[in-house]
Amino acid sequence: MGDLFGWLVSNAKNYTDIIIFLGTAGGAATWVWRMLIQSKKNIDALVSSIADIKKQLVTNGGSSLFDLVKETKSKVDTLNGDLQRVKAWQWSFSQGSRMPMWESDSNGLCIRVNIAMSELTGRSVEQMSGTGWENILPPGPERAEVWTAWSDAVRRSRDFEHTYTVENSITHKRSRVKAVGTPIIANGHLVGFLGRFEEVIPI
């Protein structure tokens, strides 16, 4: 280092060159120092944040993140329970209704129908479960059209509305029906559909 400064002094044209060099070197050292200080501050802030997160993950009786998540889960469980009770009430009511009604799961598969639906179609709940309910439509182009529309509603979790022909498997009588299906959403996800035939016109 001494040799370097000796060389600079002996070869500098004047003291101005030396001052400029020292100023530049000093500026670089200052910049490095500032970066080190800033880095330390960032590290300190990160360590502090990690410490806060650790505190939040420890239950403290109500205000920690852990407690909030636990409370939220409890509310969600309560809402799910309420949903099941409402559905049970709806189906208890629907069995006395003359309006044909049905319910599907999130994949669009039939899981139950009411008495009015069974009487209209001549099919039991077991016969209509899963994909069996597609058999209430007479074979032909309309069947494919209806199931394309239904599949689209299931995929998009949106309302289903379609008018089509159904046939009673026992009497072979046909009716034009207006089918309406409403998606059931829980926790932001589709869990199924509740549907009904709003209009039934014998043909």
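Is Asp152 buried or exposed in this predicted model? Asp152 is buried, with a relative accessible area of 13%, and in this model, which is a prediction, that residue makes a convenient point of entry to the salt bridges and to the elements around them.

**Asp152 and helix α6**

Asp152 belongs to helix α6, where the buried residues are Arg143, Val146, Trp147, Trp150, Asp152, Ala153 and Val154. These buried residues of α6 pack against three strands, namely β1, β3 (160-167) and β5 (189-202). The helix runs over residues 141-156, and its 16 residues should span 22 Å at 1.5 Å a residue, which agrees with the 23 Å between its end C-alpha atoms. An α-helix has 3.6 residues a turn, so residues three or four places apart point the same way.

The side chain of Asp152 meets that of Arg158 in a salt bridge, with 2.5 Å from N to O, and Arg158 is partly exposed, its relative accessible area being 35%. Beyond this pair, a network of salt bridges links Asp152, Arg155, Arg156 and Arg158.

**Salt bridges elsewhere**

Over the whole structure, the search finds 10 salt bridges; three of the pairs are set out below.

| Pair | N to O distance | Relative accessible area |
|---|---|---|
| Arg158 and Asp152 | 2.5 Å | Arg158 35%, Asp152 13% |
| Glu103 and Arg112 | 2.7 Å | Glu103 1%, Arg112 29% |
| Arg98 and Glu119 | 3.0 Å | Arg98 64%, Glu119 45% |

The pair of Glu103 and Arg112 can be placed within a strand pairing, since Glu103 stands opposite Arg112 in β2. Strands β1 and β2 (residues 110-113) pair in the antiparallel sense over 3 bridges, and they form a hairpin with 4 residues between them, in whose turn Gly108 has a positive phi of about 85 degrees. Glu103 is buried at a relative accessible area of 1%, whereas Arg112 is partly exposed at 29%.

The salt bridge between Arg98 and Glu119 has an N to O distance of 3.0 Å. Arg98 lies in the loop between α3 (65-94) and β1 (101-105), and Glu119 in helix α4 (residues 115-121), so the pair ties together parts that are 21 residues apart in sequence. Arg98 is exposed, with a relative accessible area of 64%, while Glu119 counts as partly exposed at 45%.

**Thr121 in helix α4**

Helix α4 also holds Thr121, which is buried with a relative accessible area of 0%. Leaving aside residues up to four places away in sequence, Thr121 touches Met128, Ile136, Glu167, Asn168 and Ser169.

**Positive phi in two loops**

Most residues other than glycine have a negative phi. Against that background, two residues deserve a closer look.

Ser157 comes just after α6 and takes a positive phi of about 55 degrees; its place is in the loop between α6 and β3, where Ser157 counts as partly exposed at 31% relative accessibility. Asn187, which is not a glycine either, has a positive phi of about 55 degrees. Asn187 is found in the loop between β4 (174-186) and β5, and is partly exposed, with a relative accessible area of 46%.

How values were computed: Residues are numbered from 1 along each chain as its sequence is written. This is a predicted model: local features need pLDDT of at least 70, side-chain atom pairs count only at pLDDT 80 or more; totals for chains, interfaces and linings use all residues. Side-chain values use heavy atoms; hydrogens and water are left out. A salt bridge is a side-chain nitrogen of Lys or Arg within 4 Å of a carboxyl oxygen of Asp or Glu. Helices (H or I, at least four residues) and strands (E, at least two) are DSSP runs, numbered from the N terminus. Buried means under 20% relative accessible area, exposed over 50%, partly exposed in between (1.4 Å probe, protein chains only). The expected span of a helix is 1.5 Å times one less than its number of residues. Contact means heavy atoms within 4.5 Å. Two strands pair if DSSP finds at least two bridges between them.
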